[in-house]
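These are my notebook entries on a structure that was new to me. I set down each item as I looked it up.

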Amino acid sequence: MKQSESENNEKYSNPAKIAILGLGGAGVKICAELVKTALKFDIAVLDFDEKSLMSFSGGKIITPKNSFHGYSSGTGGDIIVGERLSSLCRQKISEFLNGHEILIAIAGMGGGSGSAAAPIVAREAKKCGIQTIFLVTLPFSFEGHKRRILAEKSIENLIIDADIVIPIANDILFSSMPADSPFAEAFLKADIEITKATEELSKIFTSENYISSTLPNLKNIVNRKKTTCIIGYGESKVESSDFSVRAVEQLFDSPLLGGLSEVRKSDAALIVISAGEKIGIGPIKRTFERVKIQLKDDAEIVCVLSKSPDEKSFKVTLIGIKYDETNLFQKTTQKKHLLEKKKTTYTQDELPLFTPKKGIFTNSSDNFYKNQDLDIPVFQRKGINIDPGQ
Amino acid sequence: MFKKKEVITAVDIGTSKISVLIGEADPSGNITALGLGERETNDAIIKGEIRKFEDVVEKLSAALGDAVVNSDREINSENIFFSVTGKGIKAQESMGAVTILNEERRITNFEINEAVKNSKQCSLPPNNIAINFVLSDFIIDGHKRVEDPKGLSASKLESLSFCVYGNASIVENYKNIFSDVGYDIKHKADIFAPLASSRVCLSEDDLRNGVLLVDMGAGTTEYAIFHGNGFFNCGVIQVGCDHIANDISAAFDIHISEARKMIVSNLLTEDFLKEQYVILQRSGISRRIPTSSLESVMKLRINEVFEILNDSIGEKELKQHIGNGVILSGGGANIATVIRLAEDFFQTTVRRSGVRSIDGTISKLKDPRYCCLAGLLKYGSEIKLSGKSSGIIQEVDKWLWKIITKSWKSLSEAVRI
């Protein structure tokens, strides 16, 4: 239902105050890309490497007092050094966060800076009463077991205080690219993908909503239990006749979604359509239906329609939420040592290392059977890894 | 009866190829295949649906031309028969009743024809038309099932038939193609593909005990269960060999044309699959693909098709009606592992289709890929024969066909005596 006019006016005059914070080397890179976009949010970075910070301009830089305490070239992958330095930044973090409603933090897990800073930032944000969304990247599988374990432990610490944690496997990002892609291009694409995800996340919280509002709904579905999330978005130009189909196709190809098999696992989902006010209700309805058909039958779905100032583009964003059935990371004030006592470990679900592609059937008519797109290879739909040989 | 040999033209517009077979049928029902013409569709048809109409017209025209040259016969537009397939083709049972009003209360040809005619008045979903009717059995006085009711005494006769129906535009589009090629089809020329295949690949024993015919083409898989008189169920699954090729292409990052070659050619024989690797040569670089991976990709897709088929028909119904097992036809039947997979899945005997009752020197017709085409030739000759003999019903009408053949046999025996 359309919100009342007075509410809309209020929304325009007092938009959600969003802060974006990049943590560690990966976070700085993403924020360096974000400041280039048209977003008008407060962007800051926190890192302990002078060289890395040189690439960032246009936002606030948070560093410890007294010139990094002798650690001007980063933590060297040492999480203890990272924690010490991050603790020294607590006051600066609080100062930056005050006056905001939502914090979107981006960090690369598995190193010394991002892994250490993320839980501290989450704690500070919680103290300030700010909703937090953490986009964190997990290390490549070839970076070794040690980094992986470190990343998982950091997420364990982070998830206690953070509201939403969206872990993104680096392997997934590169699985959608051909093997002969230049590495510089591949890394740039990874940065761009995360930048876009952040951009979309922030936009959906600030636009004028019609069907229902985004933030309260997202809060409602993620605050019940601890969750893991996936995010995907698709965009198309409204000039093409089948723009809604194209946007949905792009959505499901989105590298951060992890494939249709992951979508099917979602217990709840937030579908956000962002379109110009002249778009017909028909394509919007069809788009919601096309996305909905891929979700579990009993999945809780929240549909949001938001007005976009860009009349020429049509965007669909999907946030899939999977509840942790063991309630392992139930939102609680439990201390860390209590969790450790239970000898529980955080394990991220194995994500498929490929993006479902229809291949020769890309432009053919729909071929659904029991919510399954039969044109997508079976092994991809079922998330089965196939040894491709040499 | 034929006064002379009839030239029949069978046309199969498939996803991978358009093939035309010209044959001759003599008055005694012997059919000889004379000339074959075929053209690859090159993606003008995808999943059994026409995507590039003009391309299809052009390729059909060329294939018809080749067949004319190879057979040295002219095509008569009244003798063209073509197969129909497409999304949403299904079958439903329909029944027509008639009260026996004559003084003797005996069933004559008049009542039989009335009952059959009434059974064709079934209600179909909007925008759907009947493609074929297959007559099953007759029911006398509401309880007694008979195959041939003529001469029996009864007060009520019911005709039970199966109606194969589909979207009206499917058949219209096929006719439009012929119209653009220069042949106006005004007679009943279309038949659902597995019904055509059944004409040449099923034996009397198969019909008696029941059999599942699975025609796995490039874009679609059609299935039909034949059991006793008439048939039991049929449908189309929009998954075919192209999906297997697409899966292989995605899994091993090879071009779709190479993947198609792997399926169509005899590269993946059972013996070959015993090797650890399949070696592919690409731009001078050899590529080693684990055979187990290849088999897994194919198995997943083929089993999914069987699962959909099982779901569509119903496992219980399926088991009850396929005493003689499963017959595979179409290009998919040539895949080395498909027989083994089907046997494991259906837990019954599975065999590749073979073409019966067609003479001639075209060796290709033995391939399961041409089963439908050969069946069309047989179907066409049956229609021409039944049409000229009785002139009553011009459609697929198995029961009438049996009566006609029986009367023809008894007449020839009488002449010999």
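Entry 1, the sheet. I worked from a predicted model. I looked up strand order in chain A and found an open sheet of six strands, ordered 3-2-1-4-5-6, with parallel pairing. I noted strand 3 (60-62) and strand 6 (164-169) of chain A as the edge strands, since each pairs on one side only. For the twist, I recorded an average turn of 20 degrees between neighbouring strands of this sheet, direction ignored.

Entry 2, one strand pair. I then examined strand 4 (residues 102-108) and strand 5 (residues 131-138) of chain A, which run parallel and are joined by seven bridges. Within this pair I located Ile104(A) opposite Ile133(A) of strand 5 of chain A.

Entry 3, a helix on the strands. I looked up helix 5 (residues 90-97) of chain A and found that it lies across strand 1 (18-23), strand 2 (42-46), strand 3 and strand 4 of chain A. I recorded an angle of about 150 degrees between helix 5 and strand 3 of chain A.

Entry 4, the two chains. How many residues does each chain bring to the contact? I found 26 residues from chain A and 29 residues from chain B. The two chains bury about 2,300 Å² between them, with 54% of it on carbon and sulfur atoms. In chain A, I listed Ile360(A), Phe361(A) and Gln390(A) as losing the most area to chain B, together 24% of what that side buries.

Entry 5, polar links. I noted three salt bridges across the interface of chain A and chain B. I looked up the salt bridge between Asp311(B) and Lys370(A), whose closest N and O atoms are 2.9 Å apart.

Key
Residues are numbered from 1 along each chain as its sequence is written. Chains are lettered from A and ligands numbered from 1 in the order in which they are written. This is a predicted model: local features need pLDDT of at least 70, side-chain atom pairs count only at pLDDT 80 or more; totals for chains, interfaces and linings use all residues. Side-chain values use heavy atoms; hydrogens and water are left out. Contact means heavy atoms within 4.5 Å. Buried area is the accessible area (1.4 Å probe) that two parts lose on being put together, summed over both. A salt bridge is a side-chain nitrogen of Lys or Arg within 4 Å of a carboxyl oxygen of Asp or Glu. Two strands pair if DSSP finds at least two bridges between them. Helices (H or I, at least four residues) and strands (E, at least two) are DSSP runs, numbered from the N terminus. Axes are lines fitted to C-alpha atoms, for helices over the stretch in contact, and angles run from 0 to 180 degrees between N-to-C directions.
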